[in-house]
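Trainee: I would like to learn how to read a structure like this one. Could you take me through a few features?

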Amino acid sequence: MNATVVMVLALALGTYAFRLVGPALHGRVEIPARVQELAAAGAMVLLVALLATGALTENGGFAGWARPAGVLAAGVLAWLRAPFVAVVLAAATVTALLRAAGVA
C-alpha cells in the first residue's frame with residue numbers, strides 16, 4: 001500500500017471512532033456547562049474563519065470585491081431568516097451582477 005491509501009484509511013478509522021464515541025459514552029460522561037459553552041464558541045470561531053478565508057482569498061491572494069459582497073448579502077438574508085434558496089440565489093446574483101459590471 002502506498003502512503004496515500006494508508007492515510008485515507010487512518011482518517012476513515014479515526015472518523016468512525018469519533019462517531020462511535022458519542023453513542024458509547026452517552027449518559028456515562030457529563031460535560032460541564034462551561035466546556036459546552038467553550039465548544040460552541042470554538043465551533044463558531046472556526047466557521048467564521050472558514051467563511052472569511054473562503055470569501056476573501058483565492059489562490060493565496062485577495063479574491064476581489066464581488067465575492068465578499070455576495071457573501072455579505074447572503075449573510076444579511078440568513079440573519080433575517082430568509083429561505084435557503086433565496087440566500088443562495090441572492091449571493092449568486094449579487095456576485096454575478098458585480099462581476100458583470102466590472103468589479104473583480
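Trainee: Let's start with Arg81: is Arg81 buried or exposed?

Mentor: This is a predicted model, and the idea is to compare the relative accessible area with a cut-off. Exposed means over 50%, so Arg81, with a relative accessible area of 75%, counts as exposed. Arg81 sits in the loop between α3 and α4.

Trainee: What is the sign of phi at Arg81?

Mentor: Phi there is positive, about 65 degrees, although Arg81 is not a glycine. Asn59 is another residue other than glycine with a positive phi, near 55 degrees. Asn59 lies in the loop between β1 and β2, and its relative accessible area of 78% makes Asn59 exposed. For a glycine case, look at Gly27, which follows α1 and has a positive phi near 85 degrees.

Trainee: How confident is the predictor, and which elements have the lowest and highest mean pLDDT?

Mentor: Begin with the average: the protein has a mean pLDDT of 93, and 100% of the residues score at least 70. Then go element by element. Strand β1, residues 57-58, has the lowest mean at 89, while helix α4, residues 84-100, has the highest at 96.

Trainee: How far apart should the ends of helix α1 be?

Mentor: Use the rise of 1.5 Å a residue, multiplied by one less than the number of residues. Helix α1 covers residues 3-25, which is 23 residues, so the expected span is 33 Å. The C-alpha atoms at its ends are 33 Å apart, in agreement with that expectation.

Trainee: And what should I know about side chains along a helix?

Mentor: An α-helix has 3.6 residues a turn, so residues three or four places apart point the same way.

Trainee: At what angle do α2 and α3 pack?

Mentor: To read helix packing, take the angle and the distance between the axes. For helix α2 (residues 33-56) and helix α3 (residues 66-79), the angle is about 140 degrees and the axes are 8 Å apart. Roughly antiparallel would need an angle over 145 degrees, so α2 is oblique to α3. On the α2 side, the contact is made by Leu51, Gly54, Ala55 and Leu56. The α3 side contributes Arg67, Pro68 and Val71.

Trainee: How many aromatic pairs are there in the whole structure?

Mentor: A search finds one. Its members are Phe62 and Trp65, with 5.0 Å from centre to centre and 65 degrees between the planes. Planes over 60 degrees apart count as edge-to-face, so this pair is edge-to-face. Phe62 is partly exposed at 47% relative accessible area, whereas Trp65 is exposed at 61%.

Trainee: How far apart in space are Thr53 and Ala63?

Mentor: Here you set separation along the chain beside separation in space. Thr53 and Ala63 are ten residues apart in sequence, with their C-alpha atoms 9.6 Å apart. Thr53 belongs to helix α2 and is partly exposed, with 45% relative accessibility. Leu89 and Gly70 are 19 residues apart in sequence, and 9.7 Å separates their C-alpha atoms. Leu89 is in helix α4, and its relative accessible area of 51% makes Leu89 exposed.

Trainee: What is the C-alpha separation of Pro32 and Val103?

Mentor: Those C-alpha atoms are 49 Å apart, for two residues that lie 71 residues apart along the chain. Pro32 is in the loop between α1 and α2, and is partly exposed at 47% relative accessibility.

Key
Residues numbered from 1 in each chain as written. Predicted model: local features only at pLDDT ≥ 70, side-chain atom pairs only at ≥ 80, totals over all residues. Heavy atoms only, no water. Helix = DSSP H or I, 4+ residues; strand = E, 2+ residues; numbered from the N terminus. pLDDT = per-residue confidence, 0-100. Phe/Tyr/Trp six-rings, centres within 6.5 Å; stacked < 30°, edge-to-face > 60°. Buried < 20%, exposed > 50% of the residue type's maximum accessible area, 1.4 Å probe, protein only. Axes fitted to C-alpha atoms, helices over the stretch in contact; angles between N-to-C directions. Parallel < 35°, antiparallel > 145°, perpendicular 65-115°, else oblique. Contact = heavy atoms within 4.5 Å.
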